[in-house]
Amino acid sequence: MGAGPQTTYTVQQQPPADSCHYRTEHGEPLEDLACTPGAVSPAVTQVNLATTICRKGGYTKNIRPPEAITRKEKQANAASYGYKGCR
């Protein structure tokens, strides 16, 4: 799927449950680079940061998929790290 707003969204497949492992750098936990979801937008460059990422009114809310999609992806990605929820 391309970057930027879409007319329709589908839940993106996440890595299998328990297949991702945190790493640490300078004592801080970081994501498993092989399991990090996301995309790079070719529409965002160093030259246009002021009119894309840093624009007044925000950027993410205009390109983010609906919560119904991101919720399912977050749950699946958490399972990739073995997270089972609060007990």
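A contact here means heavy atoms within 4.5 Å. The structure in the viewer is a predicted model, and the tour proceeds from the whole chain to a single residue.

**The whole chain.** Begin with the entire chain displayed as a cartoon. Two helices and two strands make up its secondary structure, and their order along the sequence is β-β-α-α. Next, display the C-alpha atoms alone: along the principal axes they occupy a box of roughly 40 × 35 × 25 Å. The radius of gyration is 16 Å, whereas a compact globule of 87 residues would have a value near 12 Å.

**Surface and interior.** Switch to a surface representation. The chain exposes about 6,800 Å², of which carbon and sulfur atoms supply 57%. Of the 87 residues, 15% are buried. Among contacts with a separation of 6 or more, 59% join residues 24 or more positions apart.

**Charges.** Select the charged side chains. The chain carries 10 positive and 7 negative charges, and the mean positions of the two groups lie 12 Å apart.

**Serine 80.** Now select helix 2, residues 67-80, and within that helix serine 80. Is serine 80 buried or exposed? Its relative accessible area is 0%, and serine 80 is therefore buried, the cut-off being under 20%.

Display the atoms around serine 80 next. The side chain of serine 80 reaches the backbone oxygen of proline 15 at 2.6 Å. Which residues are in contact with serine 80, apart from its neighbours within four places in sequence? Select Gln14, Pro15, Pro16, Ala17, Asp18, Ser19 and Cys20 to show these contacts of serine 80.

Key
Residues numbered from 1 in each chain as written. Predicted model: local features only at pLDDT ≥ 70, side-chain atom pairs only at ≥ 80, totals over all residues. Heavy atoms only, no water. Helix = DSSP H or I, 4+ residues; strand = E, 2+ residues; numbered from the N terminus. Rg over C-alpha atoms; globule rule 2.2 N^0.38 Å. Buried < 20%, exposed > 50% of the residue type's maximum accessible area, 1.4 Å probe, protein only. Areas by Shrake-Rupley, 256 points an atom, 1.4 Å probe, with all protein chains shown as cover. Lys, Arg positive; Asp, Glu negative; His and termini not counted. Charge placed at Lys NZ, Arg CZ, Asp CG, Glu CD. Polar contact = N/O pair within 3.5 Å; in protein donor to acceptor, adjacent residues only side chain to side chain.
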